[in-house]
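Hi,

Here is the structure I promised to pass on. Have a look at it first, and then read my notes underneath.

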Amino acid sequence: MYHHVKELMYTVHVDTPDPRFGNMLLEQFGGPNGELAAALQYSIQGLNCEDGERKDMLMDIGTEEISHLEVIGTLARMHLKPTKKERAAAEDNPLISIVGGGGVGLVNSMGVAWTADYLKISGQIEVDLRSDIAAEARAKITYERLLNFCEDPGSKDALTFLMTREIAHMKSFMRALESLGKDPLEVGQIPPDPKFVNKYFNDSTGTGPQGETDARGPWNMDGFEYEESPVLASVSRTVASRQQHRR
Ligand code: MN
Ligand code: MN
C-alpha cells in the first residue's frame, strides 16, 4: 500500500533556472536509467520474490526510488518552468513547452517515451540482484555526467544526494547477493557443462590501431584453458584440406 507525504525526501532549490539543463535532467525522470525505471524494476521484482527478507529490501529501495522520482521531477520542473512563458526557452523544447505546458513528462532528454522494456525482471533473485547492481551503476554515472554539466549550486546539491543514494543501494544489492551463500558463478540450478565452462577462446586477434594485441589476465588465465578461436582452427583445416587436394 502506498501513501504520499507532502514533503520531499531531499529539499530542492534552484538558484538559476536553465531549461536546457532541465531537459537533460529528464534522463533521470523518464529515461532508461532513471528513477521511474528503478522504482518499478525493484518493486515488481519484489512482488515476484518468494524470499521474504530480500523482498523487504526490494520494496524498501523500490519505494525510495519513487521518492527520488519526485525529487528529480521537482528539480527538472524548476529548470523547465521558463519554457512556459519565454519564447526562446519554448522554442528550444516544443515538446515540453507546447505539449507539456512547461512541466515534466515520462520521456527521456530526446523526447523518447518511457517504456517497460527498460525493466529487467527475471523472477530469479540472484539474476535480479545483478541487474539491480548494474542499474545502480548506470544511474550513478548518469548523475555524475549531469553534475559535470551543472553550475547551479542548489541543483548540484540535490544531484549529489541522488547520486550518493545509488551507491548506497548498490551496496545493499551486492551484500544481498553475497548473503545468498551461492558461489559467485552459480546461477539457477542446472550446473554448466564442465567441458566448456573453463575455456577461453581467443576470438579477436592481430594488432589494433593503438597497438592492441592479445591480452592475458585473470579473465583468461587463472582456471582457464586458453584456446585459439574455433574459426581460426576451422580456416586452417580448410586450407590444409585444399592443399591436400591439389597434390
Ligand atoms: Mn534513485
Ligand atoms: Mn537507486
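A residue is called buried here when its relative accessible area is under 20%, exposed when that area is over 50%, and partly exposed in between. Y226 comes out at 23%, so this tyrosine is partly exposed. Please keep in mind that this is a predicted model.

Let me stay with the aromatic residues for a moment. There are five aromatic pairs in the structure. One of them is Y200 with F224: the ring centres are 6.2 Å apart and the planes meet at 80°, which is over the 60 degrees needed, so we have an edge-to-face pair. Y200 belongs to strand β1 (residues 199–202), while F224 is in the loop between β1 and β2 (225–228), so many positions along that the two are 24 residues apart. Both are partly exposed, Y200 with a relative accessible area of 27% and F224 with 32%.

Y200 has another partner in Y226. Here the ring centres lie 5.7 Å apart and the planes are at 10°, so this pair is stacked. Y200 is in strand β1 and Y226 in strand β2, so the contact ties together parts of the chain that are 26 residues apart in sequence. Put together, Y200, F224 and Y226 make up one aromatic cluster. Y226 also has a charge for company: the charged end of R216 sits over its ring, 3.6 Å from the centre.

Now for the metal.

Which residues hold the manganese ion (ligand 1)? Its protein donors are E35 (OE), E35 (OE), E65 (OE), H68 (ND1) and E166 (OE), at 2.0 to 2.7 Å from the ion. If you want to find them in the sequence, the spacing of the donor residues is E-x29-E-x2-H-x97-E. There is also a manganese ion listed as ligand 2, 3.6 Å from ligand 1, and E65 coordinates both. E65 lies in helix α4 (residues 52–80) and E166 in helix α8 (residues 153–178), so this pair ties together parts that are 101 residues apart in sequence. Are these two glutamates buried or exposed? E65 and E166 are both buried.

That is what I have for now.

Best wishes

Definitions and conventions
Residues are numbered from 1 along each chain as its sequence is written. Chains are lettered from A and ligands numbered from 1 in the order in which they are written. This is a predicted model: local features need pLDDT of at least 70, side-chain atom pairs count only at pLDDT 80 or more; totals for chains, interfaces and linings use all residues. Side-chain values use heavy atoms; hydrogens and water are left out. Rings of Phe, Tyr and Trp (its six-membered ring) pair if their centres lie within 6.5 Å; planes under 30 degrees apart count as stacked, over 60 as edge-to-face and the rest as tilted. Helices (H or I, at least four residues) and strands (E, at least two) are DSSP runs, numbered from the N terminus. Buried means under 20% relative accessible area, exposed over 50%, partly exposed in between (1.4 Å probe, protein chains only). A charge sits over a ring if NZ of Lys or CZ of Arg is within 6 Å of the ring centre and within 35 degrees of the ring normal. Donors are N, O and S atoms within 2.8 Å of the metal (3.2 Å for Na, K and Ca); water is not among the atoms, so sites may look incomplete.
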